[in-house]
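Here is a short, friendly briefing to read alongside the model. Take a moment to look over the fold before going through the points below.

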Amino acid sequence: METYSDGLSDAVGRLQDEQKLSNAQIVLVWVGVGLIALAANYLAFRTLPDYSTVAGLAVILSCVAVGYVMYRAAGGVFPAVLSVSLLAMVLTFPTTPYAADVAAVTNRINFLALATPVIALAGLSISKDLPAFRKLGWRIVVVSLAANAGTFVGGAFVAQIFMGGHP
C-alpha cells in the first residue's frame, strides 16, 4: 500500500508541474471556451450571438476572471469554483440593485451551451493523462467511480429537497 501511495504522490506531483499556464494562456482559454459556448448556444438553441448575448458572455467571463483573482489572492486556500460561484450569486441575489439587469443579460446563454466546451476540455484532459492513470492502476478507477456516483446522488438529493420533491 505504501508503494501505491508513493506512486500516486509522484504521479500527481508530475502532473501539477506540467500544467502550469501563464496568465495570458488562461485568459486565452477562457475566451476560447466563451467562443465555443456562443457557437453551441447558436447551434443547439438558435440564439444569435448578438450584442446582448455577447454582453451576457462578457459578464460570465468577468465573473470567472474576478473569481480567479480572488482565488489567487487567497493563496489557493479555497477552490476557484467557490470564488466564482459566490461572486455570481452576489451579482444575482434578489436584493442586489443590479440583479435583474445581470440576470436579463446572462439569460440568453443556456447553461448547456457553457457545459459543452467544459466537458470537451475535461475529456481532452483525461486522455492526455492516460499514461499517469495506467501507472496508478485499477484502484483509481474504483475510487473515481465511487466519488462521481456519490457526487451525483448527493447533488440529486439536495436538488430534490430544494425543488420541493420528495427524496
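A residue counts as buried when its relative accessible area is under 20%, as exposed when it is over 50%, and as partly exposed in between. By that yardstick Arg108, at 33% relative accessibility, is partly exposed. Please keep in mind that this is a predicted model. The protein has eight helices and zero strands, and it offers a pocket, a salt bridge and a few individual residues to look at.

**Overall architecture**

- Reading from the N terminus, the order of elements is α-α-α-α-α-α-α-α.
- Of the protein's 167 residues, 19% are classed as buried.
- Among contacts with a separation of 6 or more, 61% join residues that sit 24 or more positions apart.

**The largest pocket**

- A volume of about 1700 Å³ is found for the largest pocket. Its lining is made up of 34 residues, and those closest to the pocket centre are Trp30, Val64, Val81, Val84 and Val118.
- Which helices each supply at least two residues of the lining? They are α2 (23-45), α3 (51-73), α4 (80-92), α5 (99-106) and α6 (111-128).
- The most generous contributor is α3, which gives nine residues to the lining.
- By residue class, the lining splits into 25 nonpolar, six polar and three charged residues.

**The salt bridge**

- How many salt bridges does a search of the whole structure find? The search turns up one.
- The partners are Asp50 and Arg108, whose side chains meet at 3.4 Å, N to O. Asp50 belongs to the loop between α2 and α3 and Arg108 to the loop between α5 and α6, so the bridge ties together parts that are 58 residues apart in sequence.
- Is Asp50 buried or exposed? Asp50 falls in between: with a relative accessible area of 33%, this residue is partly exposed. Arg108 is likewise partly exposed, at 33% relative accessibility.

**Asn41 and its surroundings**

- Asn41 is part of helix α2. With a relative accessible area of 1%, Asn41 is buried.
- The Asn41 side chain reaches the backbone oxygen of Arg108 at 2.9 Å. Arg108 therefore has two links worth viewing together, as its side chain also meets that of Asp50 in the salt bridge.
- Which residues does Asn41 contact once neighbours within four places in sequence are set aside? They are Arg46, Thr47, Thr53, Arg108, Ile109, Asn110 and Ala113.

**Arg46, a backbone to check**

- Most residues other than glycine have a negative phi. Arg46 is not a glycine, yet it has a positive phi of about 55 degrees.
- Arg46 sits in the loop between α2 and α3. Its relative accessibility of 57% makes Arg46 exposed.
- Arg46 is also one of the residues in contact with Asn41.

**Ser83 in α4**

- Helix α4 contains Ser83. Ser83 is buried, and its relative accessible area is 8%.
- Leaving out residues up to four places away in sequence, Ser83 touches Gly67, Met70 and Tyr71.

Methods: Residues are numbered from 1 along each chain as its sequence is written. This is a predicted model: local features need pLDDT of at least 70, side-chain atom pairs count only at pLDDT 80 or more; totals for chains, interfaces and linings use all residues. Side-chain values use heavy atoms; hydrogens and water are left out. On a 1 Å grid over the protein atoms alone, a cavity is a set of points where a 1.4 Å probe fits but cannot get out, and a pocket is an open set with protein on both sides within 12 Å along at least five of seven lines; lining residues have an atom within 4 Å of a point. Grid points are joined across faces, edges and corners, and a volume is the space filled by probe spheres set on the points. Helices (H or I, at least four residues) and strands (E, at least two) are DSSP runs, numbered from the N terminus. Ala, Val, Leu, Ile, Met, Phe, Trp, Tyr, Cys and Pro count as nonpolar, Asp, Glu, Lys and Arg as charged, and the others, Gly among them, as polar. A salt bridge is a side-chain nitrogen of Lys or Arg within 4 Å of a carboxyl oxygen of Asp or Glu. Buried means under 20% relative accessible area, exposed over 50%, partly exposed in between (1.4 Å probe, protein chains only). A polar contact is a pair of N or O atoms within 3.5 Å; within protein, one must be able to donate a hydrogen and the other to accept it, and residues adjacent in sequence count only if both atoms are side-chain atoms. Contact means heavy atoms within 4.5 Å.
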